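Dear colleague,

I am handing over the structure that follows, and below it I have set out what was found. Please keep it open beside this message while you read.

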Amino acid sequence: MRVSGARQGVSEARRIVVKVGSSSLTTAAGGLDADRVDALVDVLAKVRDGGEREVVLVSSGAIAAGLAPLGLHRRPKDLARQQAAASVGQGLLVARYTASFARYGVRVGQVLLTSNDTSRRAHYRNAYRTLDQLLDMGALPIVNENDTVATDEIRFGDNDRLAALVAHLVRADLLVLLSDVDGLYDGDPSIPGTTRIAEITGPTDLAGVSIGSAGKAGVGTGGMVTKVEAARIATAAGVPVVLTSASHAADALAGRDTGTYFHRTGRRSADRLLWLAHASTPQGSLTLDDGAVQAVVERHSSLLPAGIASVEGEFTAGDPVELRDLRGHAVARGLVNFDAKEIPQLLGRSTRDLARELGPAYEREVVHRDDLVVLHG
């Protein structure tokens, strides 16, 4: 396969995030497929050979790997048994990777994340420092969602989205999404006559494309919808994406014409607010009057108590909340500085009056502009 001009940058990418799905690592009955793991490791070790390229691996498979050892015949629907399977499977998964990479003298480091680790400022910095230090020391980070403790409120939802956010976090030059499908098609790839889409330059290229929602193997949570969404997140943050099957990983990383190449649509940024927009689950909402909406959305100002009309939900200081206009439309998301029970007494009042009546601790923003992201669309 030849290297196309559009993909020249792929072969030159220095820091690469590779995401692999459960179906590419395990059998349909559950349990790791050692040959599949070794095949992927062979490719990634070759990419790193010479030390000029760095790889971060975002690997699904913990829950799937834990099914067979626990006597489970399919992925459980309840959270407790998913967490139990992840607890057993995560150790097996990392042990398999450790042994496989050891064939090449490559050390691996396990990094387990929840969305809480990355939407809060201090946690975000710590996650970046850990991953960056592992790479600087020549190790290969293996990232997964912390399924053993993650609840619905703090889950990323799927590792495709996690991979896009990790690519942004580590300032990657490229994201490669590997699954059991060799690219994005203009219809159901199992139906004769459908065609692989080689390149996506922007959202308009997806108009009229029917995107399936489920993978073949049934052991993961992702589908083509989550992969396209992950590509949208990454490319908007300035990271190009290649989507293909695990069997075509070597060609994809060499920049050859395989799978689907998503061009970057935005500029690279070190802004952690991408995580706040895509990785956090709002624990409540604040309804803003029209003046506050204008201040937050157009002037990128902090949210002050005077502009809040009402509050909903149960949350504590530091939690993500949704900011809505008077019609109920979400316009922004931010980390709140007060507990939900404190806010009713603040509504519509100036910070100066609040400080005089309640003390200096109340002379502050409800959501600071540094902890606030405007939602578009």
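**A hairpin and its surroundings**

In this predicted model, strands β11 and β12 form a hairpin with five residues between them, and in the turn G328 has a positive phi of about 90 degrees. The two strands run antiparallel and are joined by five bridges, with β11 covering residues 320–324; across this pairing, R324 stands opposite A330 in β12.

Strand β12 also pairs with strand β13 (residues 372–374), again in the antiparallel sense, over three bridges, and here the bridge partner of A332 is V374 in β13. Is β12 enclosed by the rest of the structure, or open? Six of the six residues of this strand (residues 330–335) are buried, so β12 is largely enclosed by the rest of the structure.

**The largest pocket**

Strand β13 leads on to another feature, because it is one of the elements, with α8 and α10, that each supply at least two residues of the lining of the largest pocket. This pocket has a volume of about 860 Å³. Of the 34 residues that line the largest pocket, the closest to its centre are R232, A236, L274, H278 and H376. The largest share of the lining, eight residues, comes from α8.

**The nonpolar cores**

Helix α8 (224–236) and helix α10 (273–279) also appear among the elements that give two or more residues to the largest nonpolar core, as do, for example, β2 (54–59) and β5 (174–179). That core has 40 residues, and those with the most contacts inside it are V17, V143, V166, L175 and L184. The largest share of this core, seven residues, comes from α7.

If you would like one residue to follow in detail, take L184: leaving aside its neighbours within four places in sequence, L184 is in contact with a set of residues that includes I197, L206, M224, V228, L243 and F262. Apart from the largest core lies another core, of 28 residues, among them L40, L93, F101 and V176.

**A polar contact in a buried place**

The last item concerns D38, which lies in helix α2 (residues 34–48). Is D38 buried or exposed? With a relative accessible area of 17%, D38 falls below the cut-off of 20%, so D38 counts as buried. Which residues does D38 touch, once its neighbours within four places in sequence are left aside? They are R96, S100 and R103, and with R96 there is also a polar contact of 3.0 Å that joins the two side chains.

With best wishes

Note on methods
Residues are numbered from 1 along each chain as its sequence is written. This is a predicted model: local features need pLDDT of at least 70, side-chain atom pairs count only at pLDDT 80 or more; totals for chains, interfaces and linings use all residues. Side-chain values use heavy atoms; hydrogens and water are left out. Helices (H or I, at least four residues) and strands (E, at least two) are DSSP runs, numbered from the N terminus. Buried means under 20% relative accessible area, exposed over 50%, partly exposed in between (1.4 Å probe, protein chains only). A polar contact is a pair of N or O atoms within 3.5 Å; within protein, one must be able to donate a hydrogen and the other to accept it, and residues adjacent in sequence count only if both atoms are side-chain atoms. Contact means heavy atoms within 4.5 Å. Two strands pair if DSSP finds at least two bridges between them. A nonpolar core is a set of buried Ala, Val, Leu, Ile, Met, Phe, Trp, Tyr and Cys residues joined through side-chain atoms within 4.5 Å. On a 1 Å grid over the protein atoms alone, a cavity is a set of points where a 1.4 Å probe fits but cannot get out, and a pocket is an open set with protein on both sides within 12 Å along at least five of seven lines; lining residues have an atom within 4 Å of a point. Grid points are joined across faces, edges and corners, and a volume is the space filled by probe spheres set on the points.
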